[in-house]
Every structure is written in C-alpha cells, then in structure tokens.
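Here is a guided walk through one model. Start at the metal site, then move outward.

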Amino acid sequence: MKLGRMNHLGYAVPDMDTAIAHYRDVMGAEVITEPFDLPEQGVKVCFVNTPGHDGTEGTQVELLSPLDENSPVAGFIAKNPLGGQHHVCFEVPDIGAAREYFEGVGKRILGPTRIGAHGTPIFFVHPKDMLGMLTEIMETPKNGPAH
Ligand SMILES: C[C@@H](C(=O)O)C(=O)SCCNC(=O)CCNC(=O)[C@H](O)C(C)(C)COP(=O)(O)OP(=O)(O)OC[C@H]1O[C@@H](n2cnc3c(N)ncnc32)[C@H](O)[C@@H]1OP(=O)(O)O
Ligand SMILES: [Co+2]
C-alpha cells in the first residue's frame with residue numbers, strides 16, 4: 001500500500017465555540033466550515049485550514065466535540081479535560097484495498113467503513129496497533145484532495 005497525504009488532524013475539544021474562537025482569533029487560522037453534527041459518528045465537527053504562505057494547499061484541523069455521552073470522543077475528553085490530539089487522517093486512493101491491506105497486516109479496524117465528514121468513505125485503525133495513534137484512513141475525494 002502507498003499512503004497518501006495527511007488530510008487532517010483530529011483535535012478533540014470540550015467546547016466547540018471556545019475552540020473555534022481560539023483558532024480564529026488567537027491562532028489566526030481560517031475556519032472553513034460552520035460547526036455541523038455527524039450523528040452517525042457521535043460528533044460535532046468544524047474544520048480549520050492551515051494554508052501555505054506561498055499559496056500551497058493546507059492541511060486541515062478537524063475540531064471534534066462529543067454529541068452525547070456515547071460519543072467516541074466523550075471518553076477521550078473525560079481523560080483529557082482540556083482536549084487534545086485525538087486522531088490523524090491519511091488519504092488513500094482506494095478504501096476497499098486499504099482496508100484489506102490493514103486487515104492483512106493484522107491491524108484491528110474499528111467498525112465498518114462509513115462516509116466521513118468530507119463525503120468519502122473512511123475507517124479507523126486501533127491506536128494500540130498504530131504506535132498509540134488512532135488512525136483514520138480516508139478515500140481521496142475525486143474532485144481533489146482539498147475537499
Ligand atoms: C467525522 C470523522 C471524519 O473525520 O470524517 C471523524 O474523524 S469521527 C472521529 C470520532 N470517531 C472515532 O474516533 C471512531 C473510532 N474510535 C473508536 O472506536 C474509539 O474511540 C476507540 C479508539 C476504540 C477508543 O474507545 P474507548 O474510548 O471506548 O476506549 P478506552 O477509553 O477504553 O481506550 C482504550 C485504550 O485506547 C486508548 N485510546 C482511546 N482513545 C484514543 C485515542 N484517540 N488516541 C490514542 N489512544 C486512545 C486509551 O487511552 C486506552 O488505553 P489504555 O488501556 O492504555 O488506558
Ligand atoms: Co477525522
């Protein structure tokens with residue numbers, strides 16, 4: 001398998017409005033979406049972009065807050081009350097082939113392949129099989145990697 005570009009860093013936060021204000025007003029970052037709910041994933045999501053100063057494409061930060069106590073982010077926030085790095089997401093050209101590959105090398109995949117926040121299929125690999133890093137694998141959007 002050949003891993004593609006890093007699409008986003010997942011950043012779990014206890015309060016979405018505070019996190020958005022921090023990135024926008026303190027960090028000077030571009031907040032590129034309104035916050036929106038993904039009930040299937042149990043999270044509220046908002047994307048921040050980090051564009052290159054020479055006009056090159058940025059990598060996104062995905063702010064995540066729990067929608068309820070069953071959210072996969074709820075336990076993480078309970079352990080990390082200030083918030084913190086929750087996952088990293090890499091692009092692949094073919095999600096089915098990538099899933100087969102990770103299964104084939106003995107990595108535990110967490111749940112079914114689902115449609116993620118960018119509208120393309122995603123799955124997660126267990127942090128304990130990935131040197132401690134919860135890893136999201138995402139199919140590259142057909143209309144380009146920035147979306
Ligand atoms: C919208 C979408 C998108 O981008 O398109 C998203 O990103 S949705 C993003 C939200 N969705 C997801 O995260 C879905 C996949 N996540 C999951 O299935 C879960 O969160 C798990 C990763 C399995 C963790 O589950 P749970 O919190 O019940 O487990 P737990 O608290 O018992 O943790 C088991 C062990 O894993 C560690 N652990 C838990 N979450 C971790 C994380 N995010 N990064 C690194 N380690 C982590 C704990 O410290 C613990 O280690 P010790 O045993 O050593 O204490
Ligand atoms: Co993500």
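**From the metal site to the surface**

At 2% relative accessibility, His87 counts as buried (under 20% relative accessible area, with a 1.4 Å probe and protein chains only). The model is predicted, so local features need pLDDT of at least 70, side-chain atom pairs count only at pLDDT 80 or more, and totals for chains, interfaces and linings use all residues. Residues are numbered from 1 along each chain as its sequence is written, ligands from 1 in the order in which they are written, and side-chain values use heavy atoms, without hydrogens and water.

His87 (NE2) helps coordinate the cobalt ion (ligand 2), together with His8 (NE2), Glu62 (OE) and Glu136 (OE), at 2.1 to 2.2 Å. Donors here are N, O and S atoms within 2.8 Å of the metal (3.2 Å for Na, K and Ca). Along the chain, their spacing reads H-x53-E-x24-H-x48-E. One pair links distant parts of the chain: His87 lies in strand β6 (residues 84-92) and Glu136 in strand β9 (residues 135-139), 49 residues apart. Strands are DSSP runs of E, at least two residues long, numbered from the N terminus. Glu136 is also buried, at 4% relative accessible area.

Why is the arrangement around the cobalt ion (ligand 2) octahedral? The six donor atoms subtend angles of 77 to 172 degrees. Octahedral means six donors, with opposite ones over 155 degrees apart and all others between 65 and 115.

Next comes Gln60, in strand β5 (residues 59-66). Gln60 is buried, at 8% relative accessibility.

Last, the surface. Met1 sits in the segment before β1 (6-12). At 48% relative accessibility, Met1 counts as partly exposed (between 20% and 50%).

Conventions
Tetrahedral: all angles 85-135°; square planar, octahedral: opposite > 155°, others 65-115°. Helix = DSSP H or I, 4+ residues; strand = E, 2+ residues; numbered from the N terminus.
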